[in-house]
Amino acid sequence: MPPRFVLASRSPRRKQLLEMTGWPFDVQESQADETIAPGTPPEEAVQTLARRKVEAVASSISAAYILGADTVVVYGGRFLGKPRTAEEAFHMLRLLSGQTHEVWTGVAIVTPNGEAVSFAEKTAVTFWELSEEEIAAYIATGEPMDKAGAYGIQGRAALFVKRIEGDYFTVVGLPLSRTVRELRRLGWPPPEA
C-alpha cells in the first residue's frame, strides 16, 4: 500500500490547489504555534511556520508525506497578518492602495523516511489606487477577514490588482508548480499510486 499524503493545513485554498494535481490526500489541521520573533526575515518566517505545521502533524502520523505551508504579506518591512477587525482590514487595504507589496509563501515537506525540505517563494503584487468606498464594500463581503493582508487575490480583490511579478499561486497560498517538482524529487507520487 502506498504511503499517505497529508496536507497540514485548514486552508480551503491550499486544499483546492492541491486537488489540481489529481493526487489523493488527506487534510489534518495543524495546531502549531504561529508566532514569530520580531525582525525575522519573511523568507525565514514562512519556512519556520510551515515546518512547525508539518512537525505538529508528523507527531501523530507515521510513514506519510506531509506538506505544510504558510503565507505572509509584507509592506514596508511590516508583516500584515489576518485582520482581527473590520477597522484593521480597512487600515491594511489603505496601506496597500496604489502600492507594491510582497507576498511570501513558505512550504515544508517531510517524507515517510523522515527527509525534510523547505523553501520560500516571493511574488510582488501592485494594487491600483483604491477609494474608501471600494475598500468598505469589499470589507462588507467578509472576504478579507481570514486572509493575510486582508485580501484574497482569487476572490473579489482580484479587481484591486494592477500587476503581479512572480507566481500567482504563491499569493493564493501554495506555489503549486515548485511544490509539485519538490514532491516528485522526493518520490511522490509512488509508482503504484
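Thanks, everyone. One term before we start: by a helix I mean a DSSP run of H or I, at least four residues long, numbered from the N terminus. Also, please keep in mind that what you see on the screen is a predicted model.

With that in hand, let's go to helix 3, residues 86-96. Just after this helix, Gly-98 has a positive phi of about 70°. Within helix 3, the buried residues are Ala-89, Met-92, Leu-93 and Leu-96. They sit on the same side of helix 3, because the arc they cover around the axis is only 95°. What does that buried side pack against? Its partners are strand 3 (64-75), strand 4 (78-80), strand 5 (100-110), strand 6 (116-127) and helix 4.

So let's turn to helix 4, residues 132-140. Here the buried residues are Ile-135, Tyr-138 and Ile-139. These, too, lie on the same side of their helix, because they cover an arc of only 100° around its axis. They pack against helix 3. Which exposed residues does the face turned away from the buried side carry? They are Glu-133 and Ala-140. Helix 4 also has a glycine following it: Gly-142, with a positive phi near 85°.

Next, the core. The largest nonpolar core has 41 residues, and the ones touching the most other members are Phe-5, Leu-67, Leu-93, Phe-127, Tyr-151 and Leu-174. Leu-93 you will remember from the buried side of helix 3. Let me pick out Tyr-151. If we skip residues up to four places away in sequence, Tyr-151 touches Leu-93, Leu-96, His-101, Val-103, Val-125, Phe-127, Tyr-138, Pro-144, Ala-157 and Val-171. Among these, Leu-96 belongs to the buried set of helix 3, and Tyr-138 to that of helix 4. Apart from this core lies another one, of ten residues, including Ala-50, Val-54, Ile-61 and Ile-66.

Now over to the other end of my list, strand 1, residues 4-7. Strand 1 runs parallel to strand 3, and four bridges join the two. Phe-5, for instance, has Tyr-65 as its bridge partner in strand 3. Strand 1 is also parallel to strand 2, residues 26-27, with two bridges between them. Together with helix 1, strands 1 and 2 form a right-handed β-α-β unit.

I'd like to stay with Leu-7, which is in strand 1 and stands opposite Val-27 in strand 2. Is Leu-7 buried or exposed? Its relative accessibility is 1%, so it counts as buried, given that the cut-off for buried is under 20%. Outside its neighbours within four places in sequence, Leu-7 contacts Arg-14, Lys-15, Leu-18, Phe-25, Asp-26, Val-27, Gln-28 and Leu-67. Gly-39, on the other hand, is 32 residues along the chain from Leu-7, and their C-alpha atoms are 28 Å apart.

Finally, there is Ser-9, in the loop between strand 1 and helix 1 (12-19). At 5% relative accessibility, Ser-9 counts as buried as well. Where does the side chain of Ser-9 reach? It comes to 3.0 Å from the backbone nitrogen of Ser-11. With neighbours within four places in sequence left aside, Ser-9 is in contact with Arg-14, Val-27, Gln-28 and Glu-29. Arg-14, Val-27 and Gln-28 also appear among the contacts of Leu-7.

That's my tour. Thanks for listening, and I'm happy to go back to any part of it.

Note on methods: Residues numbered from 1 in each chain as written. Predicted model: local features only at pLDDT ≥ 70, side-chain atom pairs only at ≥ 80, totals over all residues. Heavy atoms only, no water. Buried < 20%, exposed > 50% of the residue type's maximum accessible area, 1.4 Å probe, protein only. Contact = heavy atoms within 4.5 Å. Polar contact = N/O pair within 3.5 Å; in protein donor to acceptor, adjacent residues only side chain to side chain. Arc of directions from axis to C-beta. Core = buried A, V, L, I, M, F, W, Y, C linked by side-chain atoms within 4.5 Å. Pairing = 2+ DSSP bridges. Right-handed = clockwise from strand over helix to strand, strands pointing away.
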